[in-house]
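I opened a fresh notebook page for this structure and kept my entries short. Come along and look things up with me.

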There are 2 protein chains.
Amino acid sequence: MSTQAARPKLKSVAVNGERLWHSLMALATIGATEKGGVARLALTALDGQGRDLVVRWASEEDLLVTVDQIGNVFMRREGRNPSLAPIVAGSHLDTQPNGGKFDGNYGVLAALEVVRTLNEHGIETEAPLEVVIWTNEEGSRFVPVMMGSGVFCGAHTLESAYLATDRDGRCVRDELGAIGYAGEETPGAHPIGAYFEAHIEQGPVLEAEATTIGVVTGVLGLRWYDCTVLGTEAHAGPTPMAERRDALQTASAIMQEVVAIARRHAPEGRGTVGMVDVFPNSRNVIPGRVRFSVDLRHADGRTLDAMEGELKAFIARSIQTFGLDIELAQVSHFAPSVFDSGCVQCVEDAARALGYSHRRMASGAGHDAVYVARVAPAAMIFVPCKDGISHNEIEDAKPEDLSAGCNVLLHAMLAKAY
Amino acid sequence: MSTQAARPKLKSVAVNGERLWHSLMALATIGATEKGGVARLALTALDGQGRDLVVRWASEEDLLVTVDQIGNVFMRREGRNPSLAPIVAGSHLDTQPNGGKFDGNYGVLAALEVVRTLNEHGIETEAPLEVVIWTNEEGSRFVPVMMGSGVFCGAHTLESAYLATDRDGRCVRDELGAIGYAGEETPGAHPIGAYFEAHIEQGPVLEAEATTIGVVTGVLGLRWYDCTVLGTEAHAGPTPMAERRDALQTASAIMQEVVAIARRHAPEGRGTVGMVDVFPNSRNVIPGRVRFSVDLRHADGRTLDAMEGELKAFIARSIQTFGLDIELAQVSHFAPSVFDSGCVQCVEDAARALGYSHRRMASGAGHDAVYVARVAPAAMIFVPCKDGISHNEIEDAKPEDLSAGCNVLLHAMLAKAY
């Protein structure tokens, strides 16, 4: 039987959405919280139990499991041509302390569901397929975020990742060993032909537009800053307005500008002040010092440069206007990530062929795919989540949307692997 | 010898500035902090020691000491006509946790220095003179502030003041007894013919203008509010600007308006946001809730009404513009206090007669005189303090200014008592 003859059959292959849902719910019992969420922090015993469950399911599908030194787990379904680089899909199993059932978990189990479906239908692929679990994407217990994929792509050294400690002083190396996921393979030595990651959107766009599939073209670049305004602490009563050096007055003007900058670069511009500390934070004392975070994002690196320029110019004018000292320190940054056009096209073609409403969009949040994209062609598939909420126990998604995203993943992978 | 014959001599009477300074420094050793300040919280053992020292000094001047049930201490120098209501001066001895040497302490010791000077010169007065120590002006350990004078004037009941507890659960009644200042006299039963309070300005105006004496005409009215903006917590990355309900964006606009309102009512308008709490206060989460304090002050009650009206109108417009819920709750208020014109005139006349530079001004902060003014003619005398700083260990004032204020106090009291 030639591959040509088999192709027509493939178009009608569909994943088992109910099986996917039940697997998600079964996995969500490990670390389940009272409010219906999941607390399964990276490299805890619960993370180990979650991994064990998925690995058991993988073994039931005859997948070959290998683990690398940072604990990334690759579960391989052999292809007709084992020398081809595998087509990989997955995400992460660790969650935020008050996380939900879908973030990360969906990407891993959707990939597993693709394999189950192909096994069920006896469909072979030319290239091998692999399901991957990346270690510590959330960064809640151990920083940095996206640790497993970051080490895999060479953004961080294995040694630095091993030394990361949690609040109790426990380090990644020891905790990997404790849960039995300190593997032998050198991170990054594992070839990847193409990478797909299905994920809930974590934003409100798809739901608001009643669109089923987000064809993710890349990830917004991000710059994080700490801004500190130094004024003079003084009594709120006796100090006339003209004599004040009110750090909060200046800080709140900059906070307004952060939002204004992002609005000037709509729709992909983002500007957020999420964290504010006022000193001495007393009702009748004019603030002498205010420190706040600034988060600027955009899909285009040059526009992000421009946004930063606007922020710095506003701060320079504020120093002139208010006469206070203002410091802006960059504390983190990620360049915008543009996904492989071929992989993006596979996702879009699959969504169109399956008749799902879809739109191209950039991801506002970082994902393992950002790092994988540095070493292999990659793309992502978004599905709507309720009210755009994630990193929260009430995180929710519809079974039919999760199933749709999984079907898109199936056909995108087949387009690359068949 | 008639009183007429004695009058010319009085004009040249002056206090002993050096003695006043040494008394201030001696008192400041009780509760002295490493950085040169004083930590002598109300009704602590240190407060008891401070009171004991001043009472001992008063006894050395043959003053008759009476204590009322809330611990206010009256130290009386008898007049030729004991049936006249006494001319009273004083302030408080308690300090902030990181307080200075002058706030309150100066007002008490300046009054004592007036008595010492008159004794030294053998000058009798028609009306009795009294030095008063009011209990717990600062409100740091026990709320409310200005407790002793507040009970004295009937603003608070003795019972409610007795029940106030500190963080360790100790109550005012017990702590008064513990330091030996639970007196017998009914608060408020003590007649006051006129009241003067000398105080450091706690603001920058006199120093900036190189003016020695502030003739205090009243105290700014004050309104305290808590403002809460309720938005929707969401991820900073995936949420487009147009979809956001950013509580901090709205809150920072209101913060800007608080300052703008006060500036529109210069020079006596004051508008301060001193305290801000952002939830969840995370770098990459759009704030879902921001609570902040608003402090509005003005010398004129109707203007204060207008300022409140402008704030409420801005909030109403913000609700329209941003679509978020905004709550404004008043948590405290003091009506503007206008001091007795006769007493104010006595202060001004004394400053002029003594050749000190002086200006009329309102006090931005509350003082015991605000409550005393409800039951007796009252006024205050301000002297400059370094950089306008108080409630701080680095609080400082010049001996010559403190001496000048004390001379003004002397002659203002004589004008009323002689």
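I began with a working rule: two residues are in contact if their C-beta atoms, placed from the backbone, lie within 7 Å. I also reminded myself that this is a predicted model.

**Entry: how the copies meet**

With that rule in hand, I looked up the interface. I found 54 residues of chain B in the contact, together with 54 residues of chain A. On the side of chain B that touches chain A, I noted that α8 (205-209), β8 (234-235), α9 (247-264), β9 (270-272), β10 (276-279), β11 (285-286) and β12 (289-298) each supply at least two residues. The largest share, nine residues, comes from α9(B). Sorting this side of chain B by class gave me 26 nonpolar, 20 polar and eight charged residues.

Do the copies use the same surface or different ones? I found that 100% of the interface residues of chain B are also interface residues in chain A, so the copies meet through the same surface.

**Entry: the symmetry**

Next I asked what rotation superposes chain B on chain A. I wrote down 180 degrees, with 0.1 Å of shift along the axis and an RMSD of 0.1 Å. That is the relation of a two-fold axis. In chain B, I found that the C-alpha nearest the axis belongs to B:Ser252, at 2.5 Å from it.

**Entry: chain A as a whole**

I then turned to a single chain. For chain A I have 13 helices and 16 strands. Its radius of gyration is 24 Å, close to the 22 Å that the globule rule gives for 418 residues, so chain A is as compact as a globular protein of that length. Along its principal axes, I see the C-alpha trace of chain A span about 90 × 45 × 40 Å.

Buried residues make up 57% of the 418 residues in chain A. I also looked at contacts in chain A between residues at least 6 apart in sequence, and 79% of these join residues at least 24 apart.

**Entry: two domains**

Which stretches form the domains of chain A? I noted domain 1 as 3-219 + 336-417 and domain 2 as 221-334. The contact takes six residues from domain 1 of chain A and ten residues from domain 2 of chain A. On the domain 1 side of that contact I listed three nonpolar, three polar and no charged residues. Taken over C-alpha atoms, the centres of the two domains of chain A are separated by 37 Å.

**Entry: the nonpolar core**

The largest nonpolar core has 255 residues, and I looked for the members that touch the most others: they are A:Leu409 and B:Leu409. Leaving out residues up to four places away in sequence, I found A:Leu409 touching A:Ala89, A:Ala110, A:Ala111, A:Val114, A:Phe196, A:Ala198 and A:Ile381.

**Entry: two buried residues**

I picked A:Val285, which sits in strand β11 (residues 285-286) of chain A. Is A:Val285 buried or exposed? I counted it as buried, because it has 22 C-beta neighbours inside 10 Å. Beyond four places in sequence, A:Val285 touches A:Glu233, A:His235, A:Ala236, A:Pro280 and, from the partner chain, B:Gly274.

My second pick was B:Asp68, in the loop between β1 (64-67) and β2 (73-77) of chain B. B:Asp68 counts as buried too, with 23 C-beta neighbours inside 10 Å. Past its neighbours within four places in sequence, I see B:Asp68 in contact with B:Gly183, B:Glu185, B:Thr186, B:Pro187 and B:His190. The C-alpha atoms of B:Asp68 and B:Ala182 are separated by 7.0 Å, although these residues are 114 apart along the chain.

**Entry: backbone details**

I looked up cis peptide bonds and noted one from A:Ala266 to A:Pro267, with omega near 0 degrees. A:Pro267 lies in the loop between α9 (247-264) and β9 (270-272) of chain A. I noted another from B:Val143 to B:Pro144, with omega near 5 degrees. I found B:Pro144 in the loop between β4 (129-134) and α5 (147-152) of chain B.

Positive phi values came last. B:Leu43 has phi near 65 degrees, and with 28 C-beta neighbours inside 10 Å it counts as buried. B:Ala210 has phi of about 55 degrees, but B:Ala210 is exposed, with 8 other C-beta atoms within 10 Å.

Definitions and conventions:
Residues numbered from 1 in each chain as written. Chains lettered and ligands numbered in written order. Predicted model: local features only at pLDDT ≥ 70, side-chain atom pairs only at ≥ 80, totals over all residues. Core = buried A, V, L, I, M, F, W, Y, C linked by C-beta atoms within 7 Å. Buried ≥ 20, exposed ≤ 12 C-beta atoms within 10 Å, placed from the backbone. Domains from an automatic or database assignment. Nonpolar A, V, L, I, M, F, W, Y, C, P; charged D, E, K, R; others polar. Helix = DSSP H or I, 4+ residues; strand = E, 2+ residues; numbered from the N terminus. Rg over C-alpha atoms; globule rule 2.2 N^0.38 Å. Least-squares fit on C-alpha atoms with pLDDT ≥ 70 in both.
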